[in-house]
Structures are given as C-alpha cells and as structure tokens.
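Biologist: Hi! Could you walk me through this model, one step at a time?

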Amino acid sequence: MAITPRQFEQIQARLRGTKNKPVPAFEGHSRAGSNRNQIIIGVDPSLRGTGYGVIQLAKPNPRALAHGTIACPAGWERSRCLAKIMQTLRDVVAKYRPTVCAIEGLFYAQNLQTALIMGEARGAALATLAEGSLDIFEIAPRKVKQAIVGYGAAQKLAVSKMVQRLLQLPELPSPDAADALALALAYAQDSRRMFGTGAKKI
C-alpha cells in the first residue's frame, strides 16, 4: 500500500526523534506483569520465508536473543517447507524457552490458493508452538505497525529501522525477521498505551 509524502515525512520524523531520546515504549507494566525476564517469540508465518524473533523483557528496553528467517527454496515441495518450519521453530523454542508467542493475525487474501498456502504455514507454526505449551496471541499486521512505527500502513523498511533502533541491533534485520521481532515488541508494550495491539489469545 502506497503512502503519501506527508505520511513518509511523519515516519521519518518519528525515526529521527528517537536518536536523541530514550525509547519509552516498554517502561511500566506489560502483559508479563512483574515477570521482568519473560521471553517472547514473534512469528511471521510464510511458506517460503517464515520470520521469527525472540526477545527478553529487560529495563530500560527489551533485548533481542535471536532472530532469523526460515527460508525454503521455490523448488521445495510444500510438505518439505512445512517440516522445516516446524523443526526450526521447535529448535528455537527448545533453546530459548519462551513462554509467550505473538503471531501475525489472519489477513484478507484475494487469491484463494495463496490464502490456503499461507494457512498451511501458519498451521504448522501454531501446532509447533502449542506443542511447546506457549500462550499464543495473534495480532493484526496493521496493529503491529501502528504500535511500532505509529502508522498502520508503514512500509517494511520503516518497521525494520524502528525494530533495529528499539532493540539496538548492530545491523538491520531481514524484513521477515523484523516483522517477527515487531510482533514480539508489540505484545510486550504496555497494554494501557493509547494504541492497544488488540492481541487475541488463540
């Protein structure tokens, strides 16, 4: 979705404004209550490129423990991709022991085949996360962008840059990993903020 020059300027101003200011989004109470060491995994499911990001709540801001993209070549059968998604997430959960997952909510797709394939990837991820006994919450993509960037139709680059700044990452995360980290960060935000994420437990 395109944005106007004015909207782009507002996003740029928000990004510039964080350079000399402490990032305020994560102080106070979070959904984790008093559990300052809670570990959250964000998952952005896709058959060919599922993003994941693991953060740990800390003061003054959360810190990233791991992030990446579960890449599956175009020549792979769907079943092989689903198996890789499940095995990788299973390994990540076993290593970092998150207690909560924030996964991208369902979206409207005009192409039925695309919707079915995305549903398969999402189902594989959900089954693996449920297997790990995590509490799973879904958040709509626009809500995540609004929570992280301040604009619900923000471009992926703006999300990646803000995630990098919030987590003080040395390099810009890949788009899929950035989306996953943004999901985890959006969940971690104080639920009393003006723009709630509307996270729904599933």
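Modeller: Happy to! One word first: a residue is called buried if its relative accessible area is under 20%. Also keep in mind that this is a predicted model.

Biologist: Okay, so where does that word come in handy?

Modeller: Strand β1 is a nice place to try it. On one side of β1 sit I39, I41 and V43, on the other I40, G42 and D44, and all of them are buried, so both faces are covered. That makes six of the six residues of β1 buried, so this strand is largely enclosed by the rest of the structure.

Biologist: And how much of the protein chain is buried?

Modeller: Buried residues account for 46% of the 202 residues in the protein chain.

Biologist: Let me zoom out. How many helices and strands does the protein chain have?

Modeller: There are six helices and six strands. Starting at the N terminus, the elements come in the order α-β-β-β-α-β-α-β-α-α-α-β.

Biologist: In what order do the strands sit in the sheet?

Modeller: The order is β3-β2-β1-β4-β5-β6, in an open sheet of six strands with mixed pairing. At the edges you find β3 (63-71) and β6 (200-201), each with a single partner strand, so one side of each has no neighbour in the sheet.

Biologist: What holds paired strands together, in general?

Modeller: Strands of a sheet pair through backbone hydrogen bonds, and they do so either parallel or antiparallel.

Biologist: Back to β1, then. Is its pairing with β2 parallel or antiparallel?

Modeller: Antiparallel: six bridges join β1 to β2, which covers residues 49-56. The two strands form a hairpin, with four residues between them. If you want a spot to look at, find G42, whose bridge partner in β2 is G53.

Biologist: And how does β1 pair with β4?

Modeller: That pairing is parallel, over four bridges. Here I40 stands opposite V100 in β4.

Biologist: How many bridges link β4 and β5?

Modeller: Five, and β4 (residues 100-104) pairs with β5 in the parallel sense. One example is E104, which has I139 in β5 as its bridge partner.

Biologist: Which helix lies across β1, β4 and β5?

Modeller: That would be α3, residues 112-131. Its direction is at about 175° to β4.

Biologist: New topic: the nonpolar side chains. What do they tend to do?

Modeller: In soluble globular proteins, nonpolar side chains tend to be buried together. In this model, the largest nonpolar core has 30 residues. I40, I55, I139, I148, V163 and Y187 have the most contacts inside it.

Biologist: Which elements feed into that core?

Modeller: Those giving two or more residues are β4, β5, α4 (141-148), α5 (156-167) and α6. The largest share, eight residues, comes from α6.

Biologist: Is there another core?

Modeller: Another one lies apart from it, with 19 residues, including V54, L89, C101 and L126.

Biologist: Tell me about I148. Where is it, and is it buried or exposed?

Modeller: I148 is found in helix α4. With a relative accessible area of 2%, I148 is buried. Try locating L185 too: I148 and L185 are 37 residues apart in sequence, and their C-alpha atoms are 7.6 Å apart in space.

Biologist: What about contacts across the whole protein chain?

Modeller: Among contacts with a separation of 6 or more, 66% are between residues 24 or more positions apart.

Biologist: Now the aromatic rings. How many aromatic pairs are there?

Modeller: The structure holds one. The partners are F137 and Y187, with ring centres 5.1 Å apart and planes at 45°, so the pair is tilted. F137 belongs to strand β5 (residues 135-139) and Y187 to helix α6 (residues 175-188), so the pair links parts of the chain 50 residues apart. Both F137 and Y187 are buried.

Biologist: Which residue lies over the face of W76?

Modeller: That is R80, at 3.7 Å from the ring centre.

Biologist: Last one: I clicked on D179. Where is it, and what does it touch?

Modeller: D179 lies in helix α6. Its relative accessibility is 13%, so D179 counts as buried. Leaving aside neighbours within four places in sequence, D179 is in contact with D44, K156 and V159. You have met D44 already, as one of the buried residues of β1.

Definitions and conventions. Residues numbered from 1 in each chain as written. Predicted model: local features only at pLDDT ≥ 70, side-chain atom pairs only at ≥ 80, totals over all residues. Heavy atoms only, no water. Phe/Tyr/Trp six-rings, centres within 6.5 Å; stacked < 30°, edge-to-face > 60°. Buried < 20%, exposed > 50% of the residue type's maximum accessible area, 1.4 Å probe, protein only. Lys NZ or Arg CZ within 6 Å of the ring centre and 35° of its normal. Pairing = 2+ DSSP bridges. Contact = heavy atoms within 4.5 Å. Axes fitted to C-alpha atoms, helices over the stretch in contact; angles between N-to-C directions. Core = buried A, V, L, I, M, F, W, Y, C linked by side-chain atoms within 4.5 Å.
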